[in-house]
Amino acid sequence: MSGHFPTLSDFGYDTWWLILVKCIAIFAFLVLTTLAAILIERKVMARMQQRLGPNRVGPHGMLQSLADGIKLALKEGITPFGVDKVVYLLAPIIAVVPAIMAFAVIPIGPMVSVAGHRTPLQLTDLPVGVLYILAITSIGVYGIVLAGWSSGSTYPLLGGLRSTAQVISYEIAMGLSFAAVFLNSATMSTSEIVAAQSKHWYVLLLLPSFVIYAIAMVGETNRAPFDLPEAEGELVGGFHTEYSSLKFAMFMLAEYINMVTVSALATTLFLGGWQAPWPISIADAANSGWWPVLWFVAKVWIFLFVFIWLRTTLPRLRYDQFMAMGWKVLIPVALGWVLVVAVLREVTRDYSQWIGVTVLAAAGIAVCALLFVGIWRLIRLPSTPQATEPAADPFDPIAGGFPVPPLPGQVLPDSPAREQVSSNIIRAQLAAPAAKENSDA
């Protein structure tokens, strides 16, 4: 079976037309998966909420995503007055391009033969392939930040700032969850990480890393219950409030392609990549040829279904809960787990592989229990309402030039208009009994 796994030495020998075919195939896979994900998301959410969902365009509504895309492309593009036009137009492009580029180092299958050329089912690979994905995906947040800033409006700006803080917080936890994978596989190459999981998938050995990454990837993609940069109850529509037509569609395309990318990365790092699940993997033919593409796509769609499931069932977290979970729970637990993995690998070095695997898996279960307890204690509702102390300094809602709501404990100052309204109400209440007596007389 070892001959099926490509190594770094297998890359860099493809002809130009084969590289072009791979690029087109990756782009087509991402776009078609996005169209299918939008339709399936609406169908699954309707099923969970006892609705019909889209059922008008095409047989059983199967062409609804295509119709929505055409509608968005043909709608009038409105550019609000006062925007920074160059940045306003570049922001959707900056959001989409990194999402597609990150898929370049994702292994989709083993070595195969294409028109007589022996090639891996992967565009390219790097000795630091996972770090390349982290760097590229972190660039995508600039599209969101610049979209909020260039719109020249308060709510998009707040949405962009929220997204910045959100990505910074959860990129740290995500990177720390990768560190345990690097320690266990002794490589940062995506193809070699898949090869290192030929006996044990890392979801079993490094369960805390998988759980932390699963939470971080939902926050990274701004999906419910972590879709706080787009919270319509607070920010109207978030960073893309002032966007319409094709520019708005590009933000939606970037969101769904990011979902596919982080799902593919989770498959690569923790679910054995394109390798067949047990007991199918007993047959050597299951991990050779084109069959692994099927296993890879199936694993990616499992994660996409979880994205849909979370959006349908969980309410949105408060922003302070979300940020506290990242800084106070995920990052400390991820740091501690990396230390545990390093120590256990050194301690069990002289023992059999079975003992090392068993000890690491048991430690992972214990750390996961600690992680869940920390999250539960952080986001649970208080049993009794806590009294908030009044602010020491008077609160000025327009001190920074933009009207902002008061924080807990802050009270809006009485304005002359409010005092006039209050006095009018009191005067009307006092005059009401006298008017009633006159009418009775």
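Helix 11 (residues 291-313) is the element that gives the most to a nonpolar patch, contributing 4 residues, where helices are DSSP runs of H or I with at least four residues, numbered from the N terminus. The structure is a predicted model, in which local features need pLDDT of at least 70 and side-chain atom pairs count only at pLDDT 80 or more, while totals for chains, interfaces and linings use all residues. Residues are numbered from 1 along each chain as its sequence is written, and side-chain values use heavy atoms, with hydrogens and water left out.

The patch lies on the surface and is formed by Met48, Ile302, Phe305, Val306 and Trp309, which together have about 450 Å² of accessible area. That area comes from the Shrake-Rupley method with a 1.4 Å probe, with only the protein chains shown counting as cover for residues. Patch residues have over 30% relative accessible area and no salt bridge (a side-chain nitrogen of Lys or Arg within 4 Å of a carboxyl oxygen of Asp or Glu), and nonpolar side chains (Val, Leu, Ile, Met, Phe, Trp, Tyr) are joined within 5 Å.

Two residues can be set side by side, using the classes buried (under 20% relative accessible area), exposed (over 50%) and partly exposed (in between), with a 1.4 Å probe and protein chains only.

| Residue | Helix | Relative accessible area | Class |
|---|---|---|---|
| Phe305 | helix 11 | 35% | partly exposed |
| Thr261 | helix 10 (residues 245-270) | 1% | buried |

Leaving aside residues up to four places away in sequence, Thr261 touches Ala99, Ala102 and Phe103, contact meaning heavy atoms within 4.5 Å.

Key. Patch = residues over 30% accessible without salt bridge, like charges linked within 9 Å, V, L, I, M, F, W, Y side chains within 5 Å. Helix = DSSP H or I, 4+ residues; strand = E, 2+ residues; numbered from the N terminus.
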